[in-house]
Amino acid sequence: MTSPTSITVTTAPNPGAVAVIQLHGQGAVGVLGELTQCKDWPTGRMKLVHMAGVDRGLAGVLRTGSNAVAQLMPHGGVRVVGAIVEKALSLGAALDPSPLPRDLYPEARSELEADMLWALAQAQSSAAVDLLPIQVALWENAVMHGEIDWDRVTKNTTALDRLIEPATVAVVGKPNVGKSTLTNALLGRDVSVTADLPGTTRDWVCCLAELHGIAVRWVDTPGVRVSDDMIEQQAIEVARGVVASADMLIAVRDGECDWPDARSLPREPNVWVVNKCDRGQAENCAPPSARPPVKMTDGPGTGGPADGGTRSARGTRISPLRVSALTGEGLEALTRRVIEQLGLASFPVAVHPPPSSEGGAGGGCLGRPHTHPLPQPLPLKGEGRHSVAPPQQAPQQAPQQAPQQAPQQAPQQAPQQAPQQTLQQQTPLWAFSPRIKQLVSQRDLAGLRTYASPSTSAIE
């Protein structure tokens, strides 16, 4: 750093209830004292103080020395935060908008843990909340024993990185086949205008959708057709660029309109969907068959578009999915297919709920992630799993002689069940940060040991 003290606003730039401003460097405690007019700062103790004469909030010193760290927590108004930052700059601090994770998370025990906390803050998928914290112990154990499958880590990382930076899924098809209705059904809310008129969607619409805990950027594109509407044609041309950069293509048709023209697409779609199956017109809607069938492979490392590779999907034939965006039929199968194509089906990131009784997506829409199965409620005391009517007493009969008991046999031992693996045992190594990726690519075990070792500068 060029200045002995840097200042960073670690919370979002939008207004909020509370903001967090961090001072880092040799002069951090001195700048904090000037901002608050308070000179006594015991390490690890928060104080309610005035800040730069504009607000009152909590502040404290987390660490002293050449790598000192101090934090201020004023109210989250944009002008309040701006005034405190300006005062700190006038006192000699330098603005550092992108500090290193090790400086941003001084409580981390190691550079590895700091990078994990940074990745956790950037992750878009709720599934990453469970998997990322486990990585610290997994990497510490792996470098301790020197047991690392470098190629497997690289393949796993290509797929699992989708949990931090979501893949883009583009829906393509001719006009009026229900692409926008399908988008609204999967998102659980209306984001695209729908009507029984070709050309209703004039521009592409992008939303963040969460499918069983896995976030994707879902793009609804305008139907490709030739028309005299110059605005519509311009929107179609813009959408072509979005489709060309998408990680996955979903081609949609219905019982009347055919599949999109292959010449209008940058490559062959990954998933084929026949919509409006509730109308009973989904027969004989197979995808174009001008390519030989090949055996599909699942999981990461197959080299396909979902793996981030450049291999074309041409030659992969999959039976089209029959769905009804109106009734929800087939949406769960579509969700599973998308997860499979992203290479994430083999990891403990997507717990598939049982199919909905109504035939819908079973909770795979935005705002309803399924990362854990819901436990069944236990019966109340004196209550069974089923409602049973009170037993009626039978009329008394003459006592009968008890039958002779057969000789008792030795009880049979129930077969031992294999112990269920914990989430940590199921989770593979994931090179989730740029530093780990570099060390893995170099197969630098010594560097990984240093990277994962606890640091004396961490806050105890």
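**Exercise 1. Find which residues have the most contacts inside the largest nonpolar core, and which helix gives the most to this core.**

Solution. Start with the term: a nonpolar core is a set of buried Ala, Val, Leu, Ile, Met, Phe, Trp, Tyr and Cys residues joined through side-chain atoms within 4.5 Å, where buried means under 20% relative accessible area, exposed over 50% and partly exposed in between, with a 1.4 Å probe and protein chains only. The largest such core has 65 residues, and those with the most contacts inside it are Trp139 and Phe432. Helix H5 (residues 128–145) gives the most to this core, namely 9 residues; helices (H or I, at least four residues) and strands (E, at least two) are DSSP runs, numbered from the N terminus. A second, separate core of 22 residues includes Ile21, Cys38, Val81 and Val85.

This is a predicted model, in which local features need pLDDT of at least 70 and side-chain atom pairs count only at pLDDT 80 or more, while totals for chains, interfaces and linings use all residues. Residues are numbered from 1 along each chain as its sequence is written, and side-chain values use heavy atoms, with hydrogens and water left out.

**Exercise 2. Determine whether the length of helix H4 (residues 111–122) agrees with its number of residues, and what its buried residues pack against.**

Solution. The expected span is 1.5 Å times one less than the number of residues, so the 12 residues of H4 should span 16 Å, and the 17 Å between its end C-alpha atoms agrees with this. Next, the buried residues of H4 include Leu112, Glu113 and Asp115. The buried residues of this helix pack against helix H3 (101–104), H5, helix H11 (434–441) and helix H12 (445–452).

**Exercise 3. Classify the pair formed by the rings of Trp259 and Trp272.**

Solution. Rings of Phe, Tyr and Trp (its six-membered ring) pair if their centres lie within 6.5 Å; planes under 30 degrees apart count as stacked, over 60 as edge-to-face and the rest as tilted. By this rule there are 2 aromatic pairs. The centres of the Trp259 and Trp272 rings are 5.0 Å apart and their planes stand at 85 degrees, so this pair is edge-to-face. Trp259 lies in the loop between strand S12 (248–253) and strand S13 (271–274), whereas Trp272 lies in S13, 13 residues apart. Trp259 is buried, with a relative accessible area of 4%, and Trp272 counts as buried at 6%. Trp430 and Phe432 also form an edge-to-face pair, 6.3 Å centre to centre with 80 degrees between the planes.

Technical notes
Contact means heavy atoms within 4.5 Å.
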